[in-house]
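Me: I have a structure open and I'd like to learn how to read it feature by feature. Could you take me through it?

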Amino acid sequence: MKNFVFLLFVSFSIFTTFVNADPFFINYTGRIIDKEGQPVPGPVNIDVALYSEESGGNSFYSFPTFYDVSLVFGTFNIQLKPGKDAEGKDVNLLKLLSTYQDVYIEMTVDFKTGDQPKRTYERKKLSAVPYAMKIPIDN
């Protein structure tokens with residue numbers, strides 16, 4: 001029984017440390033295509049903001065700009081890591097996200113060329129995807 005209580009305490013301590021750990025980040029992947037549906041060549045600059053509404057309203061958090069993001073056939077992968085708030089304190093992204101029932105992510109891309117202006121893509125609802133232990137095409 002003593003071992004069980006100790007193990008439970010250690011498990012809870014590890015969980016609490018994980019939940020309060022900074023910086024918590026989100027791995028975000030997407031594909032950028034042009035008006036004809038063709039992949040955009042990179043690099044590009046990407047701005048990402050979080051909203052509590054699907055449209056309208058003000059963002060409740062904006063990530064620092066991602067500069068010179070590489071694109072492979074239009075596909076990118078960035079890590080949304082929190083920065084500092086207006087007072088210079090580290091932002092706890094997990095606590096921030098848990099404040100809102102629904103969170104929407106909006107992305108603005110600067111193509112860094114004269115032929116394409118900056119483009120803001122429609123907001124998408126942020127949701128979790130569980131880890132895949134086995135992909136259906138695996139044997």
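Reply: Sure, and let's begin with a term we'll want for the pockets. A pocket is an open set of grid points with protein on both sides within 12 Å along at least five of seven lines, and its lining residues have an atom within 4 Å of a point. Keep in mind throughout that this is a predicted model.

Me: Then let's use that term. Which residues lie nearest the centre of the second largest pocket?

Reply: The general idea is that rolling a probe the size of a water molecule over the atoms shows where empty space is left. In this case, Tyr 28, Arg 31, Met 107, Tyr 121 and Lys 124 lie nearest the centre, out of 13 lining residues. The volume of this second largest pocket is about 220 Å³.

Me: Which elements give two or more residues to that lining?

Reply: Those are E1 and strand E6, which covers 104-110. E1 gives the most, with 4 residues. Sorted by class, the lining has 7 nonpolar, 2 polar and 4 charged residues.

Me: Let me step back. What pattern does the chain follow along the sequence?

Reply: Reading along the sequence, you get α-β-β-β-β-β-α-β-β-β. That is 2 helices and 8 strands. The chain has 139 residues, and 28% of them count as buried. Its accessible surface is about 10400 Å², with 57% of that belonging to carbon and sulfur atoms. As for contacts with a separation of 6 or more, 58% are between residues 24 or more positions apart.

Me: Where is confidence lowest, and where is it highest?

Reply: The general rule is short: where pLDDT is low, the predicted coordinates should not be read in detail. Here the lowest confidence is in helix H1 (residues 2-20), with a mean of 42, and the highest is in E4, at 95. Over residues 1-18 the pLDDT is below 50, and this stretch has 0 contacts in the model beyond near neighbours in sequence. For the chain, the mean pLDDT is 78, and 76% of the residues reach 70 or more.

Me: Now the backbone. Which residues does the cis peptide bond join?

Reply: Look at omega for this one. The cis bond joins Gly 42 and Pro 43, with omega at about 0 degrees. To find Pro 43, go to the loop between strand E1 (26-31) and strand E2 (44-51).

Me: And phi? What is the phi of Asp 68?

Reply: Asp 68 has a positive phi of about 50 degrees, although it is not a glycine. You'll find Asp 68 in strand E4, residues 66-69. Phe 73 is another non-glycine residue with a positive phi of about 50 degrees. Phe 73 sits in the loop between E4 and strand E5 (75-80).

Me: Is Phe 73 buried or exposed?

Reply: Here you need the cut-offs: buried means under 20% relative accessible area, and exposed means over 50%. Phe 73 has a relative accessible area of 68%, so it is exposed. Asp 68 counts as partly exposed because its relative accessibility is 46%.

Me: How far apart in space are Ile 33 and Phe 73?

Reply: Compare the distance in space with the separation in sequence. C-alpha to C-alpha, Ile 33 and Phe 73 are 8.9 Å apart, with their positions 40 residues apart in sequence. Ile 33 lies in the loop between E1 and E2. With a relative accessible area of 32%, Ile 33 is partly exposed. Setting aside residues up to four places away in sequence, Ile 33 touches Gln 38, Pro 39, Val 40, Arg 119 and Tyr 121.

Me: What about a buried case? Where is Phe 63 found?

Reply: Phe 63 is in the loop between strand E3 (61-62) and E4. Its relative accessibility is 5%, so Phe 63 counts as buried. Beyond residues up to four places away in sequence, Phe 63 touches Val 48, Leu 50, Leu 80, Lys 81, Pro 82 and Leu 93. Of these, Val 48 is 15 residues from Phe 63 in sequence and 5.7 Å away in space, C-alpha to C-alpha.

Me: One more, then. Which residues is Lys 125 in contact with?

Reply: Apart from neighbours within four places in sequence, Lys 125 is in contact with Asp 102, Val 103 and Tyr 104. Lys 125 belongs to strand E8, residues 124-125. Lys 125 and Leu 50 are 75 residues apart in sequence and 9.7 Å apart in space, C-alpha to C-alpha.

Conventions
Residues are numbered from 1 along each chain as its sequence is written. This is a predicted model: local features need pLDDT of at least 70, side-chain atom pairs count only at pLDDT 80 or more; totals for chains, interfaces and linings use all residues. Side-chain values use heavy atoms; hydrogens and water are left out. Buried means under 20% relative accessible area, exposed over 50%, partly exposed in between (1.4 Å probe, protein chains only). pLDDT is the predictor's confidence in each residue, from 0 to 100. Contact means heavy atoms within 4.5 Å. On a 1 Å grid over the protein atoms alone, a cavity is a set of points where a 1.4 Å probe fits but cannot get out, and a pocket is an open set with protein on both sides within 12 Å along at least five of seven lines; lining residues have an atom within 4 Å of a point. Grid points are joined across faces, edges and corners, and a volume is the space filled by probe spheres set on the points. Ala, Val, Leu, Ile, Met, Phe, Trp, Tyr, Cys and Pro count as nonpolar, Asp, Glu, Lys and Arg as charged, and the others, Gly among them, as polar. Accessible areas come from the Shrake-Rupley method with a 1.4 Å probe; for residues, only the protein chains shown count as cover.
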